[in-house]
Amino acid sequence: ADLLQPAFVISVGDLIEGYVDTKEELNAQWDEFMGFLDPLSVPFFFVPGNHDVGRTLWHDVYLERVGPSHYYFIYQDVLFLVINSNDGENMGTGYSDAQLAWVKEVLDKHTDVRWTFVFQHKPFWLQEKDEWAKAAPLFEGRKHTFFAGHIHNYAYAERGNIQYVTLATTGGGSAMRGPAFGEFDHLMWVTVTDEGPKMAAIALDRTRATVLDSGSFASL
């Protein structure tokens with residue numbers, strides 16, 4: 001990604017393996033991941049996944065090593081909103097009432113941005129209907145795009161002028177059967193234009209990079 005020199009990079013979560021029981025083991029995993037970021041010369045923004053914050057201890061270490069598990073920033077009149085999708089009871093799947101109240105406050109404060117990008121690890125619009133029903137009304141009437149990961153399978157949907165993008169593997173496990181199955185390593189290159197975001201899924205392997213259309217995967 002550094003060769004492309006984007007303005008910054010945003011993850012979709014599950015940056016460490018997790019599933020260990022001591023702070024020392026978690027810190028060792030975070031040390032390894034932070035080392036992977038050393039060659040990156042542009043800012044990197046974290047999104048918490050269930051492997052990162054799915055238990056209380058993991059979440060506590062995340063706060064120490066990374067920072068808040070939900071936050072926002074404005075860049076070139078675009079709102080970037082990061083949500084923790086493991087903010088339910090005991091750090092389980094879901095949104096806490098406090099986080100949803102914070103999301104509403106942020107959105108109400110920034111009604112005049114030209115676009116809103118929302119990042120969370122789990123694609124509730126595909127999986128958790130009850131949780132999605134809590135959040136979706138907050139974004140009604142707003143130009144926005146949602147990004148998630150978790151399922152290790154690429155999925156793209158448009159509803160009106162709203163995009164919902166679930167990234168495939170960006171380094172995680174996969175059968176890697178190819179774009180026809182939504183199973184491939186890739187990064188997503190996003191450019192915001194006056195007409196809205198333009199997105200290209202850049203598929204990666206050891207020898208080449210292939211640019212794929214975000215909706216149809218037709219080769220460009």
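The buried residues of helix α3 pack against α1 (23-36) and α2 (50-53), where buried means under 20% relative accessible area, exposed over 50% and partly exposed in between, with a 1.4 Å probe and protein chains only, and where contact means heavy atoms within 4.5 Å. The model is a predicted one, in which local features need pLDDT of at least 70 and side-chain atom pairs count only at pLDDT 80 or more, while totals for chains, interfaces and linings use all residues. Residues are numbered from 1 along each chain as its sequence is written, and side-chain values use heavy atoms, with hydrogens and water left out.

**Overall make-up**

- The protein has 5 helices and 11 strands, which are DSSP runs numbered from the N terminus, helices being H or I over at least four residues and strands E over at least two.
- Of its 220 residues, 48% count as buried.
- Among the contacts with a separation of 6 or more, 58% are made by residues 24 or more positions apart.

**Helix α3**

- Helix α3 spans residues 56-65, and its buried residues are Trp-58, His-59, Val-61 and Tyr-62.
- These residues cover an arc of only 165° around the axis, which puts them on the same side of α3; the arc is that of the directions from the helix axis to the C-beta atoms.
- Gly-67, with a positive phi near 130°, follows α3.

**The sheet and the helix across it**

- Six strands form an open sheet with mixed pairing, in the order β3-β4-β5-β6-β8-β7; two strands pair if DSSP finds at least two bridges between them.
- The edges of this sheet are β3 (71-75) and β7 (155-159), each of which pairs on one side only.
- From one strand to the next, the twist averages 15°, with axes taken as lines fitted to C-alpha atoms, for helices over the stretch in contact, and with angles running from 0 to 180 degrees between N-to-C directions.
- At the β3 edge, β3 and β4 (residues 78-82) run antiparallel and are joined by 5 bridges, with Tyr-75 standing opposite Val-78 in β4.
- At the β7 edge, β7 and β8 likewise pair in the antiparallel sense over 5 bridges, and Tyr-156 has Val-165 in β8 as its bridge partner.
- The hairpin of β7 and β8 has 2 residues between the strands, and in this hairpin Gly-160 takes a positive phi near 65°.
- Helix α4 (residues 97-109) lies across β3, β4 and β5 (115-119), and runs at about 175° to β4.

**Aromatic pairs and the surroundings of Tyr-164**

- A pair of aromatic rings is described by the distance of the centres and the angle of the planes.
- Rings of Phe, Tyr and Trp (its six-membered ring) pair if their centres lie within 6.5 Å, and planes under 30 degrees apart count as stacked, over 60 as edge-to-face and the rest as tilted; by this rule the count comes to 27 aromatic pairs.
- The ring centres of Trp-132 and Tyr-164 are 5.8 Å apart and the planes stand at 85°, so this pair is edge-to-face.
- That pair links distant parts of the chain, with Trp-132 in helix α5 (residues 129-135) and Tyr-164 in strand β8 (residues 162-166), 32 residues apart, and both residues are buried.
- Phe-146 and Tyr-164 form a stacked pair, 6.0 Å centre to centre with 15° between the planes; this pair too links distant parts of the chain, Phe-146 in strand β6 (residues 144-148) and Tyr-164 in strand β8 being 18 residues apart.
- Phe-146 has a relative accessible area of 0% and is therefore buried, while Tyr-164, at 8% relative accessibility, also counts as buried.
- Arg-159 lies over the face of Tyr-164, at 4.7 Å from the ring centre; a charge sits over a ring if NZ of Lys or CZ of Arg is within 6 Å of the ring centre and within 35 degrees of the ring normal.
- One aromatic cluster is formed by Phe-8, Phe-45, Phe-73, Tyr-75, Phe-80, Phe-117, Phe-119 and Phe-147.

**Positive phi outside glycine**

- Met-91 is not a glycine, although its phi is positive at about 65°; Met-91 is placed in the loop between β4 and α4, and is buried with a relative accessible area of 11%.
- His-150, a residue other than glycine, has a positive phi near 75°; His-150 is placed in the loop between β6 and β7, and is partly exposed with a relative accessible area of 25%.
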